[in-house]
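Q: I have a protein chain open and would like to go through it piece by piece. Can you help me read it?
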Amino acid sequence: MPVKIKENNQGSSYDVVVVGAGHAGCEAALAAARLGCRTLLLTLNLDMIAFMACNPSLGGPGKGHLVREIDALGGEMSRVADKNLLQVRLLNTGKGPAVQALRAQIDKWGYQRTMRITLEKESNLTIREDMAEEVTVAESGSLCGILGRSGAFYQTKTAVICSGVYLGSEIFLGDLHYPASPGSITPSYNLVISLQKLGLAFDRFKTGTPPRVYRRSIDFSNLLPVQGDKDAPGFSLSGKGAPEDQVPCWMTYTNSATHDVIRDNFDQAPIYSGLIKGRGPRYCPSIEDKIVRFADRDRHPIFIEPEGGDIDELYLQGISTGLPPEVQETFLRTIEGLTNVQIMRPAYAIEYDYAPPVQLKLSLETKTTAGLFFAGQINGTTGYEEAAAQGLLAGINAFQYINKRDALILKRNEAYIGVLIDDLITRGVQEPYRIFTSRAEYRLLLRQDNADLRLAEISRAIGLLDDERYRLYQAKKIYIESELERLEQTRHNPGSAIESFLEDHNSSIPKHPVSALELLRRPEISYHSYLCWEGKEAPHLPQGTLNELENQIKYAGYITKQQHMVEKTARLHEKTIPVDFDYQKAKNISKEARQKLEQVRPATIGQACRMEGVNPADISVLMLYLERPEALHGSGKNKEEPAGE
């Protein structure tokens, strides 16, 4: 006789439940599982794990730094990317090391497959296809679990919400708009309602993608090829660097005819017709927005990028649009090389819900619900790299929370991840946030080649960095330290054999004994050429070792100066503010500052200093209140109060 099951709402019990298997969710789930947590990863569609919904690339200034830092902390994005490289370029080589960064074209389908296999092989990790509909909380305020659309209830101590652009999302193609998410997946609505009931606020942002087109429909004969750098490294310390056979990209431009077609159809552009209310990314505007904002320009560049190594689909970087497909085809055919273009996937704009990140702690835990973390585009960011970095930190901090350990909070002088998270929590977002090297005040200390030197020991202490990457980091660190010492102790006297080497490099002859280190600080002398003159060969070393050694030599003075700046401000900026500080009683702080300080509740004076609407006078008064807390309760003329506005 068959057994009839009346009720089946038990989805088992976990230490951590991660909602969403995009780039943030993959990193969060892997970090928690590798640290020993019994972890569940919920995804709307198993076939969309680690999906690159927009451009098939990773890196660039700031973003490339994040990928390197993810690697140094034991994350997975860097290693998966290196296994699926189509092309690698080192950007800004004519500038200083602080802004040099890798940018790579990725086989997006290979990336998805590699990441999924990695997730499936993780013993502490379970992947399940289901839509999270409700976050349940006990009367005590502690997290109970996640209820799925399937009816399953996933009991958990902590949860990391990595919902991407799938919350209340709506796709726009001109006047046509309908509820949908990337990959034509049904968006989630009930999860937002559940989170709002917990006291969390939501708003709307907009983003978009360009068309994808058939390779065979493009005439490449007059297009400018963009080749990779054959000697470029990869993102991971354990990677092999650029592939031997790199796939080219190509470059073309819009023109006045293109712009005329777009202008003639502005009434069908949802960002101008009023259909879209959410604000879009400033640094990745649609082609409609570019034509309006940069009306004086008669052309805009388009990079034609491969989506995979063996497929016919190409991505048109630079012309994101929400115009109807027929208009897209018309303006594309005005462009050099695209006169016979055929669209495979039309471009679209998408509007979605996000939670303003000032509602989070620096650990990425929500202020309303203990054990509930947010990571990725739900926090108002844009980009795979920003999402993955947040997911990694949220996964680590979920583990720290379960084990009653202090959260991992990276400082602004320690990592771009620290800059990213501090910017989000302290300043909030008025538009989709993107990392840049210019956002870091200590960017000379945060070079891409020293990410492991900055962060590997931190990750190893937590227990996340694997043996292979830790061994490579140690080899790199030991070589740099020993070589700096050797070069300092190697002396060259006037009249010695070094003179011919210096003459060959148009370098002046020293009039007194100098160390090899002093000679190498001259811009015209490279470490490689000096080694050749010595008749030595550098041993087989982890990638980036020699670049980092040379940076430390040539920029030693600037690096030391910036380190002194960090030390000088640290004592003031690290002064803590009590979590229960009553800003409403601090009447001598300006009203605007009090309101913003009350909302964000900064943990330190340094964090308060970086907040918009909080001026130096407010900080001075706040410091006085912290020195004399009794002043918060004083009243009348006989009570001494701190001076202020």
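A: Yes, starting with a term: helices of at least four residues and strands of at least two are DSSP runs, numbered from the N terminus. In those terms, Asn-92 is found in the loop between strand E4 (85–91) and strand E5 (101–106). Keep in mind that this is a predicted model.

Q: What is the phi of Asn-92 near?
A: Phi of Asn-92 is near 60°, which is a positive value in a residue other than glycine.

Q: And is Asn-92 buried or exposed, or something in between?
A: Asn-92 is partly exposed, with 27% relative accessible area.

Q: Where does Asn-506 lie?
A: Asn-506 lies in the loop between helix H14 (498–504) and strand E22 (514–515). Its phi is near 50°, again a positive value in a residue other than glycine.

Q: Is Asn-506 buried or exposed?
A: Asn-506 counts as exposed, at 72% relative accessibility.

Q: Zooming out: how many helices and strands does the protein chain have?
A: There are 21 helices and 22 strands in the protein chain. The radius of gyration is 27 Å, and the globule rule gives 26 Å for 645 residues; the two are close, so the chain is as compact as a globular protein of that length.

Q: What box do the C-alpha atoms fill?
A: Roughly 90 × 80 × 65 Å, taken along the principal axes.

Q: How much of the chain is buried?
A: Buried residues make up 56% of the 645 residues. The accessible surface of the chain comes to about 28200 Å², and 49% of that belongs to carbon and sulfur atoms.

Q: What about contacts between residues at least 6 apart in sequence: what share join residues at least 24 apart?
A: That share is 73% in the protein chain.

Q: Switching to charges, how many positive and negative side chains are there?
A: The chain has 74 positive and 82 negative side chains. The centres of the two sets lie 4 Å apart.

Q: Last topic, disulfides. What does the count come to?
A: Zero. A disulfide is a covalent bond between the sulfur atoms of two cysteines.

Q: Why is Cys-26 not bonded to Cys-162?
A: The cut-off for a disulfide is sulfur atoms within 2.5 Å. The sulfur of Cys-26 is 9.1 Å from that of Cys-162, its closest cysteine sulfur, so the two are too far apart for a bond. Cys-26 is buried, with a relative accessible area of 1%.

Q: How far is the nearest cysteine sulfur from Cys-37?
A: The nearest one, in Cys-162, is 14 Å away, and Cys-37 is in no disulfide. Cys-37 counts as buried, at 3% relative accessibility.

Methods: Residues numbered from 1 in each chain as written. Predicted model: local features only at pLDDT ≥ 70, side-chain atom pairs only at ≥ 80, totals over all residues. Heavy atoms only, no water. Rg over C-alpha atoms; globule rule 2.2 N^0.38 Å. Buried < 20%, exposed > 50% of the residue type's maximum accessible area, 1.4 Å probe, protein only. Contact = heavy atoms within 4.5 Å. Areas by Shrake-Rupley, 256 points an atom, 1.4 Å probe, with all protein chains shown as cover. Lys, Arg positive; Asp, Glu negative; His and termini not counted. Charge placed at Lys NZ, Arg CZ, Asp CG, Glu CD.
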